[in-house]
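Colleague: Before we discuss this model, I would like each label you use to be set against its rule. Shall we take the terms in turn?

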Amino acid sequence: VSGGWGSGPFSEDVAVTPEKPDDQLRGFVQVLQLFKTLHRTRQQVFKNDVRALEAARIKINEEFKNNKSETSPKKIEELMKIGSDVELLLRTSVIQGIHTDHNTLKLVPRKDLLIENVPYCDAPTQKQ
């Protein structure tokens with residue numbers, strides 16, 4: 001199957017063996033989906049931060065390129081789990097900060113990070 005994805009870690013041809021072409025193709029599609037999801041998350045999380053966007057782009061591409069020849073299903077599953085965990089961590093834990101002066105940082109949380117919080121109650125509850 002020809003890659004046809006342009007330049008990047010998936011641009012080389014991918015061989016599909018006759019033993020289980022459907023499983024291998026399904027695995028390739030899952031890896032590609034994770035790759036795209038990580039890049040979309042990177043674009044949202046580091047929006048307007050050129051240095052962070054570029055650093056994250058390079059790191060994602062580098063990790064996928066370094067592991068593109070991996071054939072062990074167990075190792076691929078492990079790497080997919082790590083990639084999914086990284087995506088979740090970026091999406092749920094990273095908040096941008098902007099330096100407003102030499103010792104002040106203004107936090108800029110994304111709307112999807114702002115969740116309703118249960119109000120704090122000073123009064124202790126009575127045990128029954």
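Colleague: What makes you say that Asp-85 forms a salt bridge with Lys-81?

Modeller: A salt bridge is a side-chain nitrogen of Lys or Arg within 4 Å of a carboxyl oxygen of Asp or Glu. The closest N and O atoms of Asp-85 and Lys-81 are 2.8 Å apart, and the pair therefore meets that rule. This is a predicted model, in which local features need pLDDT of at least 70 and side-chain atom pairs count only at pLDDT 80 or more, while totals for chains, interfaces and linings use all residues. Residues are numbered from 1 along each chain as its sequence is written, and side-chain values use heavy atoms, with hydrogens and water left out.

Colleague: Where do Asp-85 and Lys-81 lie, and how far along the helix are they separated?

Modeller: They are four residues apart in helix H3 (residues 73–93), which means a separation of about one helical turn. Helices here are DSSP runs of H or I with at least four residues, strands are runs of E with at least two, and both are numbered from the N terminus. By that rule the chain has three helices and two strands, running α-α-α-β-β from the N terminus on.

Colleague: Why is Asp-85 called partly exposed?

Modeller: Buried means under 20% relative accessible area, exposed means over 50%, and partly exposed is in between, with a 1.4 Å probe and protein chains only. Asp-85 has a relative accessible area of 37%, so the label is partly exposed. Lys-81, at 49% relative accessibility, also counts as partly exposed. Over the whole chain, buried residues make up 20% of the 128 residues.

Colleague: How many salt bridges are there by this rule, and which residues are linked in a network of them?

Modeller: The count comes to six, and Lys-59, Glu-62 and Glu-63 are linked in a network. Lys-59 forms a salt bridge with Glu-63, the closest N and O atoms being 2.9 Å apart, and another with Glu-62, where the corresponding distance is 3.9 Å. Lys-59 and Glu-63 are four residues apart in helix H2, about one helical turn, whereas Glu-62 and Lys-59 lie three residues apart in that helix, again about one turn. The relative accessible area is 44% for Lys-59, 37% for Glu-62 and 34% for Glu-63, and each of these residues is therefore partly exposed.

Colleague: How do you know that the span of helix H2 agrees with its number of residues?

Modeller: The expected span is 1.5 Å times one less than the number of residues. For the 17 residues of H2 (residues 50–66) this gives 24 Å, and the end C-alpha atoms are 24 Å apart, so the two values agree. The 25 residues of H1 pass the same test, since 36 Å is expected and its end C-alpha atoms are 36 Å apart.

Colleague: Which residues of H2 are buried, and why do you say that they line one face?

Modeller: Ala-52, Leu-53, Ala-56, Ile-60, Asn-61 and Phe-64 are buried. Seen down the axis of H2, these residues fall within an arc of 155°, so they line one face of the helix; the arc is that of the directions from the helix axis to the C-beta atoms. On the other side of H2, Val-50, Arg-51 and Asn-66 are exposed. The buried residues of H2 pack against helix H1 (21–45), while what covers the buried residues of H1 includes H2, H3 and E1. Contact here means heavy atoms within 4.5 Å.

Colleague: What makes the rings of Phe-35 and Phe-64 an edge-to-face pair?

Modeller: Rings of Phe, Tyr and Trp (its six-membered ring) pair if their centres lie within 6.5 Å, and planes under 30 degrees apart count as stacked, over 60 as edge-to-face and the rest as tilted. The structure holds one aromatic pair. The centres of the Phe-35 and Phe-64 rings are 5.0 Å apart and their planes are at 75°, so the pair is edge-to-face. Phe-35 lies in helix H1 and Phe-64 in helix H2, so the pair ties together parts that are 29 residues apart in sequence. Phe-35 is buried at a relative accessible area of 12%, and Phe-64 is buried at 14%.
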